[in-house]
Amino acid sequence: MEGLAMSFDVRVERQLGDRHITASFSSEGGLTALLGPSGAGKTSVQNMVAGLLRPDAGRIMVGGKVLFDNEKKIDIPARQRRAGYVFQDSRLFPHLRVRDNLLYGWALAAPVDRWMNLDEATRFLGIAHLLDRWPRTLSGGEAQRVAIGRALLSAPRFLLLDEPLASLDPARRDEIMTVIERLRDDLKLPILYVSHDRDEVERLATTIVPIGR
Amino acid sequence: MAITPEEWEVIALSLKVSGVAVAGSLPIAFGLAWLLARRRFPGRILVDALVHLPLVLPPVVTGWLLLLAFGNTGPAGRWFSETLGITFMFRWTGAALAAAIMALPLMVRAMRLSIEAVDQRLEQAAETLGASRARIFSTITLPLALPGLLAGMVLGFARSLGEFGATITFVSNIPGETRTLPIAIYSALQMPGSEADVARLSLIAVALSLAALVASEVLVRRAGHGRAGHVL
């Protein structure tokens, strides 16, 4: 990957009701964690990086590519940003089996951009035995691994992980944390990670960005 | 209790009228349901009220309004007959139009609820995975709303089968052309000594309505993809 370029270079602000959300940070590679209490706007910042929420002002650059710049009138649509977004609530498509969930983004990616196939993803995440299951039959940890696989297979340039451990019991948390460490160390993909848990962030992050207060 | 040829004609006509009514109003009902569920625009409350009007208006008034608009001298009636060659007055097409108008509120309601029930966060997830708006619609929104769409169609079909007031006002009671099942029952009731006919036709109406509901339940289950789903 673009190892020398800044992985994240973000400066955004956005008014949401009576909340004013601002964030300004940059980091080089590894896992960048936005740490702050719930309600501080961490997820909003991540949505702005993903292109799901438009900042009132600012600039978003990831891996040397400008995704948003209000002065230069650049606003790349979410579907072209190639963000691998893993949501807190996994958001698997309930009407598709695990296999079709995993392949949803893969099928839409340009073949030259793909860097992982279904076999590699299922082996990496240990989910080969789940391929024919419906999402509603998965445990929290299984659903989260499938969600990570779906994001990886969509040929992302970077990953956005929003409290991926929040809905899991302690044993599953450790399992997913190990997966995230491998994403960070093996794939060398820039990761933007959102959490309110300091211990979790200190174990995983290479750069910590406090948000709120 | 054998069904007479005249009664078969009534049944076939009723099914044709209801089928055409539902098929014809489906795109309009779905479009309206989509607008009301997802878009905020000026006049939205008025559109909502107009869609629901046939539900609360006396059917005879709806029939009379249809006569004014879609009669042979009405503006809509003239347009249809001149550009498409379709006339409605005293024709089965008019019965289908009346049934469609009366079924529209039920169809829009069911479809709107099902579109509103689609989790928009799933659509966002699809967007981050690279899906265009058209693709999100066809692969996420539509399949997830499908049970509600089917429910809306079945409700509309059942409502069309039962449509009476607006139909008889607009297209009258012509055997073989506009005499649908409820109108045939009404006609039989007017004639002394035809209690058996009334009973037979009523039984047929019950059977048809029941069959529609069962068919829809089966369809909804099949569309449910392992999720629970119910029509009503």
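Begin at the interface of chain A and chain B, in what is a predicted model. Across this interface there are 5 residue pairs in polar contact, with both residues of each pair at pLDDT 80 or more. To see where chain A takes part, select β7 (83-86), α2 (98-108) and α4 (140-153) of chain A, the elements that each give two or more residues to the side touching chain B. Of these, α2(A) gives the most, with 3 residues. Colouring that side of chain A by class will show 12 nonpolar, 3 polar and 5 charged residues.

Next, select Asp89(A) and Arg121(B). These two residues form a salt bridge, and their closest N and O atoms are 2.5 Å apart. The interface of chain A and chain B has 1 salt bridge in total.

Now widen the selection to the whole contact region. Here 20 residues of chain A are in contact with 20 residues of chain B. The area buried between the two chains is about 2000 Å², and carbon and sulfur atoms give 65% of that area. Which three residues supply more than any others of the area that chain A buries against chain B? Select Arg79(A), His95(A) and Tyr104(A): together they supply 31% of it.

Hide chain A and turn to chain B as a whole. Chain B contains 10 helices and 0 strands, so that a cartoon view shows α elements from the N terminus on. The C-alpha atoms of chain B fill a box of roughly 70 × 45 × 30 Å along the principal axes.

The following stop is the largest pocket, which has a volume of about 690 Å³. Its lining comprises 26 residues, and those closest to the centre of the pocket are Leu66(B), Phe70(B), Leu97(B), Ala100(B) and Ile101(B). Centring the view on these five residues brings the pocket into the middle of the screen. Then select α1 (5-38), α2 (44-56), α3 (59-70) and α5 (92-116) of chain B, the elements that give two or more residues to the lining. The greatest share comes from α5(B), with 7 residues. Is the lining of this pocket mainly nonpolar or charged? It divides into 22 nonpolar and 4 polar residues, with no charged residue.

Proceed to the second largest pocket, where about 330 Å³ of space lies. Select its lining in two steps. The lining includes Trp34(B), Arg38(B), Arg39(B), Gln120(B), Glu123(B) and Gln124(B). Also in the lining are Glu127(B), Arg133(B), Ile136(B), Phe137(B) and Thr141(B). The elements of chain B that give two or more residues to this lining are α1, α6 (120-128) and α7 (133-162). By class, the lining of the second largest pocket has 3 nonpolar, 3 polar and 5 charged residues.

The last stop is a cavity. The structure holds 1 cavity of 30 Å³ or more, and about 30 Å³ of space lies in it. Which residues line this cavity? Select Val17(B), Ala95(B), Ala99(B), Ser160(B), Glu163(B), Thr167(B) and Thr180(B) to display the lining. These residues divide into 3 nonpolar, 3 polar and 1 charged.

How values were computed:
Residues are numbered from 1 along each chain as its sequence is written. Chains are lettered from A and ligands numbered from 1 in the order in which they are written. This is a predicted model: local features need pLDDT of at least 70, side-chain atom pairs count only at pLDDT 80 or more; totals for chains, interfaces and linings use all residues. Side-chain values use heavy atoms; hydrogens and water are left out. On a 1 Å grid over the protein atoms alone, a cavity is a set of points where a 1.4 Å probe fits but cannot get out, and a pocket is an open set with protein on both sides within 12 Å along at least five of seven lines; lining residues have an atom within 4 Å of a point. Grid points are joined across faces, edges and corners, and a volume is the space filled by probe spheres set on the points. Ala, Val, Leu, Ile, Met, Phe, Trp, Tyr, Cys and Pro count as nonpolar, Asp, Glu, Lys and Arg as charged, and the others, Gly among them, as polar. Contact means heavy atoms within 4.5 Å. Buried area is the accessible area (1.4 Å probe) that two parts lose on being put together, summed over both. A salt bridge is a side-chain nitrogen of Lys or Arg within 4 Å of a carboxyl oxygen of Asp or Glu. A polar contact is a pair of N or O atoms within 3.5 Å; within protein, one must be able to donate a hydrogen and the other to accept it, and residues adjacent in sequence count only if both atoms are side-chain atoms. Helices (H or I, at least four residues) and strands (E, at least two) are DSSP runs, numbered from the N terminus.
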